[in-house]
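I opened my notebook next to the model and went through it one region at a time. These are my entries.

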Amino acid sequence: MAADKAGNAARAWQRMLSGRRLDLLDPSPLDVEISDIAHGLARVARWNGQTVGDHAFSVAQHSIVVEDLACRMVEDLEPKWRLAMLLHDAPEYVIGDMISPFKTVMGGDYKVVEARLQAAIHLRFSLPQKLPEKIKKLAKRADIVSAYFEAVELAGFDAAEAARIFGRPRGFSPLGLKPWPAAQAQTRFLERFAELEAAISKG
């Protein structure tokens with residue numbers, strides 16, 4: 001465990017606006033609140049904020065796009081797996097959105113913390129700690145499609161460059177992405193979460 005200059009154990013928790021204190025090294029599902037997730041993700045910028053428009057393209061908006069794309073790929077996707085799509089980047093409400101090149105530099109420790117947070121989030125909302133492989137692959141595919149269109153429509157990439165990095169999506173028209181204000185992204189994320197929870201409860 002890390003220590004401060006005085007030799008005391010370094011603080012590894014963050015206080016959330018809900019009042020919860022989430023331990024980053026040993027996160028408890030009991031300290032995970034959807035209001036905190038929505039608030040945080042709506043204020044975390046994709047692409048380190050290097051996107052066009054008056055507002056950042058938030059992880060909350062990206063998550064809604066990914067869930068929609070996954071549903072287009074698998075039309076009869078169960079509500080619980082749609083929820084998994086919506087929450088695929090949920091740990092970033094605590095650790096932020098690091099661009100892929102930096103994640104590569106950071107290596108394993110970052111991924112360990114991210115995985116623990118994701119497992120706690122899944123348990124909190126009655127999803128498996130580890131998703132079935134086909135669901136993980138679907139989330140990855142939808143994430144990459146979203147990244148391609150974000151790159152071209154928002155982040156200044158030309159189509160050829162984006163295709164080299166992400167692959168050119170087949171069967172998808174341009175998404176017409178426009179970044180939402182943080183408050184709108186937060187509200188729409190919470191609304192979609194509530195819709196999916198209701199669908200899950202109906203069975």
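I take helices and strands as DSSP runs, numbered from the N terminus, with at least four residues for a helix and at least two for a strand. By that numbering, I place Asn-48 in the loop between helix 1 and helix 2. I am working from a predicted model.

**Entry 1. The whole chain**

I listed the secondary structure and got nine helices and two strands. Reading from the N terminus, I wrote the order down as β-β-α-α-α-α-α-α-α-α-α. I then looked at burial: 42% of the 203 residues count as buried. The exposed surface comes to about 11200 Å², and carbon and sulfur atoms supply 51% of it. I also looked at contacts between residues at least 6 apart in sequence. Of these, 63% join residues at least 24 apart.

**Entry 2. The loop between the strands**

I looked up Arg-20, which sits in the loop between strand 1 (13-15) and strand 2 (21-23). Is Arg-20 buried or partly exposed? I noted it as partly exposed, because its relative accessibility is 33% and the buried class ends at 20%. Leaving out residues up to four places away in sequence, Arg-20 touches Gln-14, Arg-15, Leu-30, Asp-31, Glu-33 and Asp-36. I also took a distance from Arg-20 to Val-32. They are twelve residues apart in sequence, and their C-alpha atoms are 7.6 Å apart.

**Entry 3. Helix 1 and the core**

Helix 1 is mostly covered, with six of its eight residues buried. I listed them as Ile-34, Asp-36, Ile-37, Ala-38, Gly-40 and Leu-41. Asp-36 is also one of the residues that Arg-20 touches.

Which residues have the most contacts inside the largest nonpolar core? I found Ile-37, Leu-87, Tyr-93, Phe-125 and Phe-189, in a core of 57 residues. Helices 1 (34-41), 2 (59-73), 3 (79-86), 4 (92-95), 6 (108-124), 7 (133-153), 8 (159-166) and 9 (182-202) each give at least two residues to this core. I followed Ile-37 further. Beyond four places in sequence, Ile-37 touches Val-32, Ala-90, Tyr-93, Ile-121, Phe-125 and Phe-189.

**Entry 4. The loop after helix 1**

I checked backbone angles next. Most residues other than glycine have a negative phi. Trp-47 has a positive phi, near 60°. Asn-48 also has a positive phi, near 55°. Trp-47 lies in the loop between helix 1 and helix 2. I count Trp-47 as buried because its relative accessible area is 16%.

Thr-51 is found in the loop between helix 1 and helix 2 as well. Thr-51 is buried, with a relative accessible area of 13%. I noted its contacts, again leaving out residues up to four places away: Arg-46, Ala-56, Phe-57, Leu-154 and Ala-155.

**Entry 5. Helix 3**

Which residues of helix 3 are buried? I wrote down Trp-81, Leu-83, Ala-84, Met-85 and Leu-86. What do they pack against? The buried residues of helix 3 pack against helix 2, helix 7 and helix 9.

I picked Leu-83 for a closer look. Leu-83 is in helix 3, and its relative accessible area is 0%, so I count it as buried. Outside four places in sequence, Leu-83 touches Phe-125, Leu-127, Phe-193, Leu-196 and Ile-200. Leu-83 and Ile-64 are 19 residues apart in sequence, with 10.0 Å between their C-alpha atoms.

**Entry 6. The loop after helix 6**

Leu-131 lies in the loop between helix 6 and helix 7. Its relative accessibility is 15%, so Leu-131 counts as buried. I listed its contacts beyond four places in sequence: Trp-81, Ala-84, His-122 and Lys-136. I also checked the spacing to Ala-84. The two residues are 47 apart along the chain, and their C-alpha atoms are separated by 8.3 Å.

**Entry 7. A pocket**

I looked up the second largest pocket, and its volume is about 150 Å³. What lines the second largest pocket? I noted Gln-61, Ile-64, Val-65, Glu-67, Asp-68, Arg-72, Leu-175, Leu-177 and Trp-180. Sorted by type, the lining has five nonpolar residues, one polar and three charged. Ile-64 is also the residue I paired with Leu-83 in the distance check.

Note on methods
Residues are numbered from 1 along each chain as its sequence is written. This is a predicted model: local features need pLDDT of at least 70, side-chain atom pairs count only at pLDDT 80 or more; totals for chains, interfaces and linings use all residues. Side-chain values use heavy atoms; hydrogens and water are left out. Buried means under 20% relative accessible area, exposed over 50%, partly exposed in between (1.4 Å probe, protein chains only). Contact means heavy atoms within 4.5 Å. Accessible areas come from the Shrake-Rupley method with a 1.4 Å probe; for residues, only the protein chains shown count as cover. On a 1 Å grid over the protein atoms alone, a cavity is a set of points where a 1.4 Å probe fits but cannot get out, and a pocket is an open set with protein on both sides within 12 Å along at least five of seven lines; lining residues have an atom within 4 Å of a point. Grid points are joined across faces, edges and corners, and a volume is the space filled by probe spheres set on the points. Ala, Val, Leu, Ile, Met, Phe, Trp, Tyr, Cys and Pro count as nonpolar, Asp, Glu, Lys and Arg as charged, and the others, Gly among them, as polar. A nonpolar core is a set of buried Ala, Val, Leu, Ile, Met, Phe, Trp, Tyr and Cys residues joined through side-chain atoms within 4.5 Å.
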